[in-house]
Amino acid sequence: MEKVRTRFAPSPTGFMHIGNLRTCLYAYLYAKKNGGTFVLRIEDTDQERYVEGAVDVIYSTLKKAGIEHDEGPDKDGGYGPYIQSERKSLYLDYAKELVEKGGAYYCFCSKERLDTLKDDKGIAKYDKHCLSLSKEEVQKRLDAGESYVIRQNVPADGVSEYEDMVFGHISVPNEDMEDNILIKSDGMPTYNFANVVDDHLMGINYVIRGVEYLSSTPKYNLMYDAFGWERPHYMHLSPIMKDAQRKLSKRYGDANFEDFIEKGYLPKAIVNYIALLGWSPKGNEEKLTMEQLVEQFDVDGISKSPSIFDEAKMRWLNGEYIKAMSVDEFVEAAKPFLDNSKVKDKYDYRALAKLLIPRVEILGEIPEKVNFLEEFGEYDTAMFEHKKMKITKEIALNSLLAIEEDLKDFEEWTDELLKQKGMALAEKLGCKSGQIFLPFRLALTGAQTTPGGATEMAELLGKSESMRRLRFSIELLQK
RNA sequence: GGCUCCAUGGUCAAGCGGUUAAGACUCAGGCCUCUCACGCCUGCUACUCGGGUUCGAAUCCCGAUGGAGUCACCA
């Protein structure tokens with residue numbers, strides 16, 4: 001059996017769109033699943049859109065995503081060059097070969113003549129006008145230096161068919177396909193042509209790409225046939241949508257891999273989520289490592305209809321990844337976000353991490369979860385009233401005074417020991433532990449909700465700051 | 001508009017002629033609990049419609065409707 005070769009062929013635009021990344025991921029998974037080779041080819045023929053450093057963005061995104069290419073501009077596998085602009089010179093000869101073989105022909109039609117072909121909607125189909133030119137006539141005009149173009153010669157009738165790996169049988173009437181331009185008047189290939197030539201030359205036998213090519217694929221096949229090349233297998237993928245009508249696109253902003261990283265998503269979670277968008281594993285487990293994805297990936301599970309991107313679910317999945325992190329891993333990932341909050345350099349990040357891990361779904365939530373620590377000041381004492389707990393301001397004040405007295409000389413300021421201390425105090429006073437802890441937490445933070453309990457807050461704040469805040473709150477209550 | 005393709009809850013989706021139509025996210029309620037989370041439990045919500053085929057259709061066929069893609073000297 002032939003070895004599977006797939007490719008990802010992005011344009012270096014400076015960012016990696018989520019939809020492209022998914023296509024890339026599937027091409028990678030399919031290759032790896034079948035022990036094949038995954039090739040990276042840079043399609044930079046569109047010089048106008050060329051962005052400096054954009055190729056590096058592609059490398060770094062793939063790296064972060066855990067997708068490793070076997071061949072590419074930086075990893076020669078003998079099928080190079082892997083950058084399209086370095087392949088410019090070979091397309092014209094292939095086009096000429098195709099003309100010889102009858103799969104294409106020279107066209108000298110002017111822009112004006114082409115315009116007359118347009119219907120009232122501005123849609124034109126070339127009428128094969130130049131196909132009837134004799135070989136001599138063509139040569140004469142070529143010699144005269146006339147501007148020309150090379151067009152594909154699509155049969156006028158009949159149907160073209162192929163089997164798509166996900167969509168099944170596709171058949172398109174030949175009369176609906178135009179004789180597209182293969183070589184432009186400047187001698188450069190169009191994308192369609194370059195793609196076919198490159199894929200063939202690079203031995204790509206499994207072409208995995210977006211559905212936008214589903215109906216033009218028969219044209220590509222016609223070229224393969226005319227050249228006498230073996231047709232590749234095709235796997236077309238439905239788009240990722242922003243909502244039922246709109247495709248997820250860079251125009252709407254936030255659809256780039258980098259944007260999600262900035263918002264505090266973990267690369268692994270993003271990859272995991274997009275793997276699930278448009279494909280579903282056999283089992284019920286959704287949190288999957290790259291290894292598991294490779295192992296479980298299967299064309300069978302790819303869906304044909306477009307799928308809507310659901311950030312809420314990706315967020316949840318990201319939360320699952322965060323919960324599975326060790327304190328060290330979390331601190332490392334969260335450092336930029338902690339440094340970007342009011343808490344920077346003031347608290348022990350590891351202690352903070354323990355509280356944050358179960359409470360944060362994306363790292364971007366960190367500042368808002370943690371800033372309250374530095375926002376302590378005058379607050380509304382009505383918070384101390386708690387019906388269910390049977391707490392009034394008086395009870396709260398008594399508790400706080402007792403706590404202050406009890407902790408005055410206590411030095412082992414850790415969550416665990418403070419908790420024991422609190423329990424003991426409650427027993428001594430003959431009250432519910434909540435009547436101790438709740439007022440204590442409020443007194444320390446002045447915040448209705450906090451990420452953690454009184455003793456955890458106390459540990460974080462340290463003894464002197466805790467005692468200071470306790471005193472402050474007591475006085476506030478005594479007013 | 002022509003052509004190609006698609007159609008299960010709000011979202012991702014399982015399903016492949018006989019099922020109480022999975023599971024996950026979201027949402028609601030509950031338990032746990034010093035608040036918030038986490039965790040656990042429960043619940044809500046779906047086969048687009050209409051015709052066939054069949055003893056039997058979410059599953060097969062046809063049509064309608066809706067949606068996507070495509071019709072460049074762009075990629």
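1. Two strands pair if DSSP finds at least two bridges between them, and strands (E, at least two residues) and helices (H or I, at least four) are DSSP runs numbered from the N terminus. With that in hand, a hairpin joins E5 to E6 through three residues.

2. A word on the basis: this is a predicted model, where local features need pLDDT of at least 70, side-chain atom pairs count only at pLDDT 80 or more, and totals for chains, interfaces and linings use all residues. Residues are numbered from 1 along each chain as its sequence is written, chains are lettered from A and ligands numbered from 1 in the order in which they are written, and side-chain values use heavy atoms, leaving out hydrogens and water.

3. Back to the hairpin: E5 and E6 (residues 168-173) run antiparallel, joined by six bridges. Glu 161 has Ser 171 of E6 as its bridge partner. Have a look at the side chains of E5 (residues 159-164), which alternate: Val 159, Glu 161 and Glu 163 point to one face and are not buried, while Ser 160, Tyr 162 and Asp 164 point to the other and are buried (under 20% relative accessible area, 1.4 Å probe, protein chains only).

4. Another nice element is the open sheet of three strands, in the order E3-E4-E7 with antiparallel pairing. Strand E3 (104-107) and strand E7 (181-183) are at the edges with a single partner strand each, so one side of each is left without a neighbour in the sheet.

5. Within this sheet, four bridges join E3 to E4 (residues 149-152), and Cys 107 stands opposite Val 149 in E4.

Terms used:
Buried means under 20% relative accessible area, exposed over 50%, partly exposed in between (1.4 Å probe, protein chains only).
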